[in-house]
Amino acid sequence: MGPLQFGMFPAEVAQALLVPGPQERMGGPHAQEDFPDGVKTFYDAGKLACVALDAVTGPQVFLSGFPLAGSDPEQGRQFLLDHAAEHGNRVLCTPDDSLSLTDLGVLLRSQQVGAARPTRPLFVKEEWLDSQYSRDHLPLEGAPG
């Protein structure tokens, strides 16, 4: 996740992203901070547990050369399946038909953008991917406590 590491405190996240702080902060059972350039962070007990990138405005990240943000969801799904088959990754399918490579901490969702639904990557700590509630609600925006 670039300069971010699970377990960081919010101030460490802002420092790693080279910004004075988030643009917006929301409390609740899974505190959320929104940073410039389409980066959202979620915390568990005050420590970084998930990073969600916006499909359009977030930074582009690649897995084995495949662009995880802003791609066609079917292509993204097939890429993850092929990657898992080639590298022996554990694959998990969520009720909304998103795929996760749980051993890599990557969850590929889609995001409504106008009439399109491009891919939106999330990087998630293992305990949250192992939790059906967390996994099925990620990225936790508007999820009930």
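Trainee: What share of the 145 residues in the protein is buried, and what makes a residue count as buried?
Mentor: Buried residues are 41% of the 145. Each has under 20% relative accessible area, with a 1.4 Å probe and protein chains only. This is a predicted model, where totals for chains, interfaces and linings use all residues, while local features need pLDDT of at least 70 and side-chain atom pairs pLDDT 80 or more. Residues are numbered from 1 along each chain, and side-chain values use heavy atoms, without hydrogens and water.

Trainee: How many helices and strands are there, and how do you know where they are?
Mentor: The protein has four helices and 10 strands. They are DSSP runs: helices are H or I of at least four residues, strands E of at least two, numbered from the N terminus.

Trainee: Why is the protein called as compact as a globular protein of its length?
Mentor: Its radius of gyration, taken over C-alpha atoms, is 14 Å. The globule rule, 2.2 Å times the number of residues to the power 0.38, gives 15 Å for 145 residues. The two values are close, so the protein is as compact as a globular protein of that length.

Trainee: What makes a pair of residues a contact, and what percentage of those with a separation of 6 or more is 24 or more positions apart?
Mentor: Contact means heavy atoms within 4.5 Å. Of the contacts in the protein with a separation of 6 or more, 39% join residues 24 or more positions apart.

Trainee: How much area does the protein expose, and how is it computed?
Mentor: About 7400 Å² is exposed, 52% of it from carbon and sulfur atoms. The method is Shrake-Rupley with a 1.4 Å probe.

Key. Buried < 20%, exposed > 50% of the residue type's maximum accessible area, 1.4 Å probe, protein only.
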